[in-house]
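Me: Here's a structure I'd like to go through with you. Can we check each label against its cut-off as we go?

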Amino acid sequence: MVTSLLGDQAVAQHRERTVRARVAELEELFGDPSDPANPVGYTALLEADRAAVPFAAGEALLDGFGITDEYIPRALGGRLDGMDTLVRIMRPVFRRDVGLAMGHGMTTFMAASDVWTAGNSRQRHWLAGLLRDGGKAAIAQHETAHSNDYVRSQVTARRSGDGYLISGGKPMVNDLERAGALVLFCRTDPAPGSRSHSVLLLEPGQLTDARAAVTARRTPVGLRGCRFAGVEFDDCPVPGSALLGPEGSGITTALRSFQISRTVIAATAVAALDTSLRTAVRFDRERSGGWQAGGRGDGGRTGAALTNAFVNLLLYDALSVVATRALHLLPAETSVYSAALKYLLPRVLTEAMYDLSIVLGSGFYTREGTLGIFQKHVRDVPVLSLGHAGTVACQATVIPQMPRLARASWFVEDEAPAGLFRLRGDLPPLRTDRLSLACGRDSLSATMLAVSAGIDGTGPVESALRTLAGQLVEEFRDVRARVLRLDAAGASATAQPAKFALMDRYALLLAAAAVLGLWDQGRYGPDPFLADPSWAAAALHRIARRLGTRVADLPAECETRIRHEVQLRFSTQISYDLYSTPLPG
């Protein structure tokens with residue numbers, strides 16, 4: 001047993017060293033973003049953004065790094081060994097340019113996820129070979145004519161001999177013109193129901209020109225460097241071998257792959273907020289000397305705004321870490337956690353950006369120089385929360401599950417495994433077949449109950465954390481009672497708004513549970529900041545106030561500790577997320 005544990009530790013340590021080395025290599029390649037002479041710095045990428053063209057220098061850098069290998073499972077010759085690894089690899093790209101990350105990476109990953117989830121051996125190996133050779137993939141799911149309700153597809157595929165004839169169109173497909181593979185979501189049965197749609201894996205270059213045409217390119221307000229175009233089909237023939245998974249399995253495939261793509265994209269978005277916070281700290285220092293010089297940054301609205309944004313980032317990252325690791329450790333429960341994470345993205349982003357706008361003042365509107373990246377992130381990141389995996393879709397995922405969770409899981413379930421909260425622990429392989437659409441279990445919330453009952457210490461910060469955790473447990477108890485009452489009352493139009501409000505509270509409580517779990521594990525780890533109860537107390541205080549809970553002010557030393565960390569990480573060039581990654585520039 002001891003030998004086995006030592007072996008597991010050695011494997012985990014080797015994995016961590018490998019991930020750190022790849023992240024460090026990518027950060028070094030990107031270099032100092034504020035250097036005007038850097039070909040992949042802010043100056044160059046903002047020029048590409050103004051011209052609404054892909055960031056060519058950034059794309060060349062990622063090609064040289066071999067970024068597509070990060071999307072391919074190791075079993076197929078790539079480097080993908082865990083979704084937490086992919087998130088950490090992609091954060092340097094998101095930190096630099098969300099448009100580059102989406103246009104030259106995550107779109108391909110989203111398409112590939114469907115293939116890894118539902119494809120047969122031939123399809124998986126074919127796509128892996130395409131990506132290893134530097135090719136790209138596109139995914140066509142959005143239904144802009146129906147508010148992105150993807151089950152109302154405007155594309156149909158009807159049987160014809162051994163294949164299909166495709167008709168209809170998709171007006172907005174990212175990277176369509178450069179893709180060597182297209183994952184197409186389409187209706188194969190005119191009857192309504194869960195078996196009405198299927199997924200096809202197509203090679204755009206093999207489609208008959210007379211039957212498939214690329215329509216006008218579109219330039220969105222956000223992600224201006226991404227290449228969006230439409231495609232129209234007119235009885236376009238495709239072979240039966242293009243079918244991805246069994247016919248009629250499209251909705252199940254989409255819902256499973258959404259859990260992966262929602263989680264990974266929402267978790268990597270933390271990096272854009274990281275850059276925005278760093279930009280605001282730099283601006284404050286240049287203007288007033290900053291916290292260490294005792295200038296305007298030392299107290300008042302500016303200091304509070306920076307600490308508030310940092311706490312927002314930490315509480316959101318706590319849930320992102322947990323949701324990402326849950327894909328491997330708790331795949332049956334992931335549908336709730338991934339949806340809660342994606343649901344909180346626009347809310348946390350809006351609040352954090354508002355806090356930072358207080359620091360920037362009129363500099364908020366600057367579109368050039370170092371400050372220009374802030375405005376670009378303001379335009380780009382909200383786009384990530386739109387579409388078929390947006391806010392409404394996340395609500396529709398969680399709300400129907402809440403009655404069952406309230407009856408059979410909340411305050412009954414055993415707490416989540418400790419590995420869910422270890423930032424750098426090893427993970428078992430991802431089993432997409434175990435991703436459940438609804439399993440009726442939630443062990444993350446049970447962790448909040450377990451940790452809150454064991455918070456010791458007599459200092460003012462420990463006492464504040466213990467009190468806040470207890471208050472949130474009571475909030476959770478109230479949510480459960482209200483969900484059960486609504487369920488007992490049966491279907492009622494007047495009850496619908498209450499369900500949305502309860503889902504909002506539940507998502508925040510899941511974030512609180514993630515914070516407590518990570519702090520509890522961090523107490524025994526090497527990072528003194530994560531071991532300190534100050535960040536957890538501040539995060540729970542923020543969540544409690546959002547929930548409308550009456551809470552006492554935090555101890556003064558709590559805010560001082562967090563404000564010091566904001567300035568320390570800027571000075572030592574360490575990322576603001578939970579991974580504390582060394583940064584260039």
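Me: What follows H2, and what is the sign of its phi?

Reply: Ala-52 comes right after H2, and its phi is positive, near 55°. Some ground rules: this is a predicted model, where local features need pLDDT of at least 70, side-chain atom pairs count only at pLDDT 80 or more, and totals for chains, interfaces and linings use all residues. Residues are numbered from 1 along each chain as its sequence is written, and side-chain values use heavy atoms, with hydrogens and water left out. The helix names refer to DSSP runs numbered from the N terminus (H or I, at least four residues for helices; E, at least two for strands).

Me: Which residues of H2 are buried, and what covers them?

Reply: In H2 (residues 42-51) the buried ones are Tyr-42, Ala-44, Leu-45, Leu-46, Ala-48 and Asp-49. Buried means under 20% relative accessible area, exposed over 50%, and partly exposed in between (1.4 Å probe, protein chains only). The cover includes H4, helix H8 (270-288) and helix H11 (372-380), where contact means heavy atoms within 4.5 Å.

Me: What makes H4 largely enclosed by the rest of the structure?

Reply: The count does: 14 of the 14 residues of H4 are buried, so the helix is largely enclosed.

Me: How do you know that the span of H4 agrees with what it should be?

Reply: The expected span is 1.5 Å times one less than the number of residues. For the 14 residues of H4 (residues 83-96) that should be 20 Å, and the end C-alpha atoms are 20 Å apart, so the two agree.

Me: Where is the kink in H4?

Reply: At Met-90, shortly before the proline Pro-92, and it is about 35°. That bend is the angle between axes fitted to the seven residues ending at a residue and the seven starting there.

Me: Why are H10 and H16 called roughly perpendicular?

Reply: The axes of H10 (residues 334-360) and H16 (residues 496-522) come within 10 Å and cross at roughly 100°. Axes are lines fitted to C-alpha atoms, for helices over the stretch in contact, with angles running from 0 to 180 degrees between N-to-C directions. Under 35 degrees counts as roughly parallel, over 145 as roughly antiparallel, 65 to 115 as roughly perpendicular and the rest as oblique. H10 and H16 are therefore roughly perpendicular. By class, their contact has 11 nonpolar, no polar and 2 charged residues. (Ala, Val, Leu, Ile, Met, Phe, Trp, Tyr, Cys and Pro count as nonpolar; Asp, Glu, Lys and Arg as charged; the others, Gly among them, as polar.)

Me: And what makes H9 and H18 roughly perpendicular?

Reply: The axes of H9 (residues 300-329) and H18 cross at roughly 90° and come within 9 Å, so H9 and H18 are roughly perpendicular to each other. Their contact has 7 nonpolar, 2 polar and 2 charged residues.

Me: Why does Ala-538 count as buried or exposed?

Reply: Ala-538 sits in H18 (residues 533-546), and at 7% relative accessibility it counts as buried. Leaving aside neighbours within four places in sequence, Ala-538 is in contact with Val-311, Leu-554, Cys-558 and Ile-562.

Me: How do you know whether Pro-400 is buried or exposed?

Reply: Pro-400 has 58% relative accessibility, so it counts as exposed. Pro-400 is in the loop between H12 (391-398) and H13 (402-408).

Me: Where is Phe-411, and what is notable about its phi?

Reply: Phe-411 is in the loop between H13 and H14 (443-452). Its phi is near 65°, a positive value in a residue other than glycine. With a relative accessible area of 28%, Phe-411 is partly exposed.
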